[in-house]
Amino acid sequence: MTELYHVLGAKQFDRAFLDELFAAAEEMERVADEGGEQRYPNKIMSTLFFEASTRTRFSFESAMHRLGGRVIGTENASQFSSTIKGETLEDTIRIISGYSDLIVLRHTEIGAAKRAAAVSDVPVINAGDGSGEHPTQALLDLYTIQKELGGIEGAQIAMIGDLTYGRTVHSLSYLLANYRDARITFVSPDNVRIPSYVKRYLDEKGVAYAETADLESLAGVADVFYQTRIQKERFPSLEEYGKAEGKFIIDRALVDAMKRSALILHPLPRAGEIHPDVDADPRAAYFRQAQNGLYIRMALIERCFGGRR
Amino acid sequence: MTELYHVLGAKQFDRAFLDELFAAAEEMERVADEGGEQRYPNKIMSTLFFEASTRTRFSFESAMHRLGGRVIGTENASQFSSTIKGETLEDTIRIISGYSDLIVLRHTEIGAAKRAAAVSDVPVINAGDGSGEHPTQALLDLYTIQKELGGIEGAQIAMIGDLTYGRTVHSLSYLLANYRDARITFVSPDNVRIPSYVKRYLDEKGVAYAETADLESLAGVADVFYQTRIQKERFPSLEEYGKAEGKFIIDRALVDAMKRSALILHPLPRAGEIHPDVDADPRAAYFRQAQNGLYIRMALIERCFGGRR
Amino acid sequence: MTELYHVLGAKQFDRAFLDELFAAAEEMERVADEGGEQRYPNKIMSTLFFEASTRTRFSFESAMHRLGGRVIGTENASQFSSTIKGETLEDTIRIISGYSDLIVLRHTEIGAAKRAAAVSDVPVINAGDGSGEHPTQALLDLYTIQKELGGIEGAQIAMIGDLTYGRTVHSLSYLLANYRDARITFVSPDNVRIPSYVKRYLDEKGVAYAETADLESLAGVADVFYQTRIQKERFPSLEEYGKAEGKFIIDRALVDAMKRSALILHPLPRAGEIHPDVDADPRAAYFRQAQNGLYIRMALIERCFGGRR
């Protein structure tokens, strides 16, 4: 098994690793369905969330428990920890890494996970760092595409919503550079378009992409509709937010125009960008996608431990 | 073993189930006293508390641990989860039910547990939904009466305090409809009397009840004094609260006038409605009652798993 | 093994206990390094933190997990528990002690741990009570001195910073009374000097101590520099805080003047009292000290259980 030390950003993964990880995730699906295994009865995972995210935290903690491990956690590190007493992230990590075998870090600042990894004695998994990256989300997104479509190569993927502040979109774009002929169309309001540094990366890697504000034109074309939330808290002003809100909604009419084999994804939570009456459609894969998060995180945890129990 | 899927409200239980549950709780008392058993080493329980309640959460989590299970939890889901990002309860439950084998839900809205159960893939236990119901509290209350008095039939039960907003009183009243000749006296300030829908239910089931504002007249008559807190946070206005506060206190004088076999219960926390100098009296059963919560919840968890390990 | 019931304050320990505890901590270091042991698979520890302290909580929870035990916890008991509904600490403890085998209590009021122990059915460990005591911190401090210097007798120990509100300094002073010829120098701003009740205790026990505001004069003399944080939240006014802040910093220049065998300790978190460029110096022992907290707490937990599994 390839040992993986830290999980910091989507760019660190190559195709061989992704193939191996997805195979492991498939095995983990079996392990979880059979109720879990006692693989790491003595291992301790710390979930250090400086920004609350109940769902992501539960997903990691469930993954650790399904592998028989132990968890210590905090859901609001920023508000209650020694941070308010002026402690640096580095000092916090130096100490927590002595109390656990793996650290899952959610932070508000770009680059926090990298800084943590630099001083940690144990593996660090980036569970989201501000508007930076969210690599485990991107891995489960990609795994879902492969599982549902049967493969990623040649897929036409529409990424919709707030593409400036939506870190999952950035991370997923980086991952797609590992696949031949994947084509991305970025669909966003004008004020939250995909950043130029993401486009530059895709250019370097030779990934085909386009930008549009016309979602309907893609209805019968795209294989994957990756919808995202317009995140109020990531906008610099209420005025900028107002311009982006409520645009590009996936509703029944749009779904009816999609290919029968199309896939609707969303990192969740959603706040209205996908109409609930779409939920029952077999193309609506977002809850299956959330479930895949469990299997991917189980596979990642196993890799962080390098198979050592 | 009768399998129980969801625990939503006190009306769902019949006498056969209650007898079986109480027998199981008795066995659980033995299990806990011997330090617990590894019955469910791979099972995960989620405690999803949208309204904080340290005691209730600890009681459920301890119950799960005493059965060898695992717990993932949040103590303030409303403040920190994706709820503030606009996610519906249904979406949250759909996802969390993929990460765990059992969900314990405390929520601020009436009917939340029922809505959760409708979309969950795993059993949901209602740990209190606003001023709705709190069925596990009612079950432990009733178990305590049976255990301490030797039986429930024919018992005269005074329920005291805020009977409008006190959900435990509602749930306990519903449960008592399963027993012959149980007589309830509702003792409350005028502005927080027992709701008419509770009385209607008792009428339908043929349960005898009365209403009074005179607690002292019951001193030598009632077998059970079920005291409750005047819950400030459930009142529409401070003025309404002021009218109810500080009335109907159980103190030494009242206890001295009670039968020797009488029982004083309280769902706790208390804030002065039972004077501390009553604690040492053998009739003061509220701490034993809280302890019974552990056994009842162990028995309920086992039923939710249908005995499958 | 000496059974220890409650851990309330540093004065309760004698030399024989300390020697035994430190030997146990050494063994625990081996246990932890080998990944932990399943010594208490059925035991439940409650961490009841009325004042948040992520690090201290993690240290206790990790210790319990390394011994194979289970944890239920709350990180902000004061804000969310039944406390806001008016419940006394005594009532809370009476109930929680029925749900767990050990209670770790962090509270804001002096004497809280003692009050808890008076009504608890299970051992209580004081994890800090206001500006009172923090005995487990003092034990790990002392263990670090013994481990790093090879012994405590004859050591010259400088305690620096806010000595009025710094409870770890008080607890450590009490512990040092168990060792012959330990000499303490208290180094502090004038407005936060060591309290007279601590000095009285040292007088009674015949411990030699001095007071100064001149840190530099100790540079080549002291064996241990026990630096502490100026805790803003413990000061009565902002003006008093202003006088104490930013004084007595340990920086490169001071370290260069220290003995080669000197030891720099800090209970952490630090907020600038030790300059980061000191971290790489072998005399900077504060991260090793934090790590020792794990071993000492494992040893204490074992003693609380009296070796019974």
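Guide: A residue counts as buried under 20% relative accessible area, as exposed over 50%, and as partly exposed in between. Please keep in mind that this is a predicted model.

Visitor: How should C:Asp14 be classed: buried, exposed or partly exposed?

Guide: The relative accessible area of C:Asp14 is 43%, so this residue is partly exposed.

Visitor: Where in chain C is C:Asp14 placed?

Guide: C:Asp14 belongs to the segment before helix 1 (15–33) of chain C. A polar atom of the C:Asp14 side chain lies 2.8 Å from the backbone nitrogen of C:Phe17.

Visitor: What separates the C-alpha atoms of C:Asp14 and C:Ala177?

Guide: One may set position along the chain beside distance in space. These two residues are 163 residues apart along the chain, and their C-alpha atoms are separated by 9.2 Å.

Visitor: I should now like to read an interface. How many residues of chain B and of chain A are in contact?

Guide: One begins by counting the residues on each side. Here 27 residues of chain B are in contact with 31 residues of chain A. The area buried between the two chains is about 2500 Å², and carbon and sulfur atoms give 50% of it.

Visitor: How many salt bridges are counted between chain B and chain A?

Guide: A salt bridge pairs a side-chain nitrogen of Lys or Arg with a carboxyl oxygen of Asp or Glu within 4 Å. Between chain B and chain A the count is 3. One of the salt bridges joins A:Arg66 to B:Asp101, with the closest N and O atoms 3.0 Å apart. Across this interface there are also 14 residue pairs in polar contact.

Visitor: Which elements of chain B each supply at least two residues of the side that touches chain A?

Guide: They are strand 1 (44–49), strand 2 (70–74) and helix 4 (89–96) of chain B. Strand 2 gives the most, with 5 residues. By class, this side of chain B has 9 nonpolar, 11 polar and 7 charged residues.

Visitor: By what turn and shift can chain B be laid on chain A?

Guide: To compare copies, one superposes them and reads off the movement required. For chain B on chain A, a turn of 120° and a shift of 0.0 Å along the axis give an RMSD of 0.0 Å. The two copies are therefore related as by a three-fold rotation axis. Chain C can likewise be laid on chain A by a turn of 120° and a shift of 0.0 Å along the axis, with an RMSD of 0.0 Å.

Visitor: Why may one say that the copies meet through different surfaces?

Guide: One asks which interface residues recur in the other copy. Only 7% of the interface residues of chain B are also interface residues in chain A, so the copies meet through different surfaces. For chain C the figure is only 6%, and the conclusion therefore holds there too.

Note on methods
Residues are numbered from 1 along each chain as its sequence is written. Chains are lettered from A and ligands numbered from 1 in the order in which they are written. This is a predicted model: local features need pLDDT of at least 70, side-chain atom pairs count only at pLDDT 80 or more; totals for chains, interfaces and linings use all residues. Side-chain values use heavy atoms; hydrogens and water are left out. Contact means heavy atoms within 4.5 Å. Buried area is the accessible area (1.4 Å probe) that two parts lose on being put together, summed over both. A polar contact is a pair of N or O atoms within 3.5 Å; within protein, one must be able to donate a hydrogen and the other to accept it, and residues adjacent in sequence count only if both atoms are side-chain atoms. Helices (H or I, at least four residues) and strands (E, at least two) are DSSP runs, numbered from the N terminus. Ala, Val, Leu, Ile, Met, Phe, Trp, Tyr, Cys and Pro count as nonpolar, Asp, Glu, Lys and Arg as charged, and the others, Gly among them, as polar. Copies are superposed by least squares on the C-alpha atoms of residues with pLDDT of at least 70 in both. Buried means under 20% relative accessible area, exposed over 50%, partly exposed in between (1.4 Å probe, protein chains only).
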